[in-house]
Amino acid sequence: MTSNLLPADSAAAADSADAVVVAELMGRYLVTLDDEEPDDAWARSLFTEDAIVTFPMSRHEGCAGLAEWHRASLAAFARTQHLGSPAVVTVTGDRAAFRANVLTTHVHHPGGDRPPLFRAGTLASGEACRTAAGWRIRELSFRVLFTEGEPPSRG
């Protein structure tokens with residue numbers, strides 16, 4: 001018995017396997033934001049050397065300094081939780097485009113005059129590239145679809 005759920009040829013199977021790896025990169029990125037302290041090894045395990053990451057309020061280019069930039073962004077909050085949908089990935093050779101929905105809850109530091117939570121629904125999109133070290137994110141951006149609560153004040 002054959003299954004129509006499996007790719008019909010080896011190229012399609014390879015693309016499917018690559019898509020799984022790229023989707024896992026996005027999932028790992030989101031989970032580690034909430035559960036780890038980003039460092040340079042973290043950045044290199046996820047991003048290319050020329051990576052561009054764009055948040056709604058800031059942007060960083062290059063892998064150098066990317067972990068510190070993330071730590072500074074996360075420091076605005078006492079805690080965060082990033083929940084991502086499964087990524088939709090389209091592989092074309094050594095490049096892959098991806099999209100995922102992300103719901104983020106940010107917990108403000110205690111003692112302020114804001115409501116305790118700031119939530120955002122975003123569409124994450126980007127491109128990953130196959131490198132000598134494996135698949136890595138080259139571009140990642142977040143487009144805000146909605147917010148609830150108040151963001152932190154700008155420094």
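Contact here means heavy atoms within 4.5 Å. Keep that cut-off in mind, because Phe 98 comes up first and it is all about contacts. The model is a predicted one.

Start with Phe 98. This residue sits in strand E5. Buried or exposed? Phe 98 has 2% relative accessibility, so it counts as buried. Now the neighbours. Set aside residues within four places in sequence, and Phe 98 is in contact with Val 22, Met 26, Val 88 and Val 89, among others. The list also includes Ala 124, Ser 125, Gly 126, Glu 127 and Ala 128. Ile 137, Glu 139 and Leu 140 are on it too. For a sense of distance, take Cys 63. Phe 98 and Cys 63 are 35 residues apart along the chain, and their C-alpha atoms are separated by 19 Å.

Stay on E5 and go to Ala 100. Ala 100 also has its place in that strand. Its relative accessibility is 4%, so Ala 100 counts as buried. Beyond residues up to four places away in sequence, Ala 100 touches Ser 85, Pro 86 and Ala 87, and also Thr 122, Leu 123 and Ala 124. From Ala 100 to Val 31 the C-alpha distance is 14 Å, with their positions 69 residues apart in sequence.

Now the whole chain. How many helices and strands are there? The chain has three helices and seven strands. Their order, from the N terminus on, is α-α-β-β-α-β-β-β-β-β. The C-alpha trace spans about 60 × 35 × 25 Å along its principal axes. The chain has 155 residues, and 35% of them count as buried. On contact order: take contacts between residues at least 6 apart in sequence, and 54% of these join residues at least 24 apart.

Next, helix H1. It covers residues 10–35, and Asp 18 lies in it. At 11% relative accessibility, Asp 18 counts as buried, since the cut-off is under 20%. With residues up to four places away left out, Asp 18 touches Val 91, Arg 130 and Trp 135. Ala 17 is found in H1 as well. With 43% relative accessibility, Ala 17 counts as partly exposed. Val 91 appears here again. Ala 17 and Val 91 are 74 residues apart in sequence, yet 9.7 Å apart in space, C-alpha to C-alpha.

On to the aromatics. A pair of aromatic rings is described by the distance of the centres and the angle of the planes. The count is six aromatic pairs. One of them is Tyr 29 with Phe 47: ring centres 5.8 Å apart and planes at 90°, so the pair is edge-to-face. Where do the two partners sit? Tyr 29 is in helix H1, and Phe 47 is in strand E1, residues 47–54. They are 18 residues apart, and the pair links distant parts of the chain. Tyr 29 and Phe 47 are both buried. There is a cluster as well: Tyr 29, Trp 42, Phe 47, Phe 55, Trp 69 and Phe 142 form one aromatic cluster.

Trp 69 takes us to helix H3. Which residues of H3 are buried? They are Leu 66, Ala 67, Trp 69, His 70 and Leu 74. These residues cover an arc of only 160° around the axis, which puts them on the same side of H3. The general point: an α-helix has 3.6 residues a turn, so residues three or four places apart point the same way.

Last, the largest pocket. It holds about 700 Å³ of space. The lining counts 30 residues, and nearest the centre lie Phe 55, Pro 56, Met 57, Phe 77 and His 106. Phe 55 is the one we just met in the aromatic cluster. Which elements build the lining? H1, H3 (66–74), E3 (79–84), E5 (95–107), E6 (117–131) and E7 (134–148) each supply at least two residues. The largest share, five residues, comes from H3. And the chemistry of that lining: 18 nonpolar residues, eleven polar and one charged.

That is the tour. Questions, please.

How values were computed:
Residues are numbered from 1 along each chain as its sequence is written. This is a predicted model: local features need pLDDT of at least 70, side-chain atom pairs count only at pLDDT 80 or more; totals for chains, interfaces and linings use all residues. Side-chain values use heavy atoms; hydrogens and water are left out. Helices (H or I, at least four residues) and strands (E, at least two) are DSSP runs, numbered from the N terminus. Buried means under 20% relative accessible area, exposed over 50%, partly exposed in between (1.4 Å probe, protein chains only). Rings of Phe, Tyr and Trp (its six-membered ring) pair if their centres lie within 6.5 Å; planes under 30 degrees apart count as stacked, over 60 as edge-to-face and the rest as tilted. On a 1 Å grid over the protein atoms alone, a cavity is a set of points where a 1.4 Å probe fits but cannot get out, and a pocket is an open set with protein on both sides within 12 Å along at least five of seven lines; lining residues have an atom within 4 Å of a point. Grid points are joined across faces, edges and corners, and a volume is the space filled by probe spheres set on the points. Ala, Val, Leu, Ile, Met, Phe, Trp, Tyr, Cys and Pro count as nonpolar, Asp, Glu, Lys and Arg as charged, and the others, Gly among them, as polar. The arc is that of the directions from the helix axis to the C-beta atoms.
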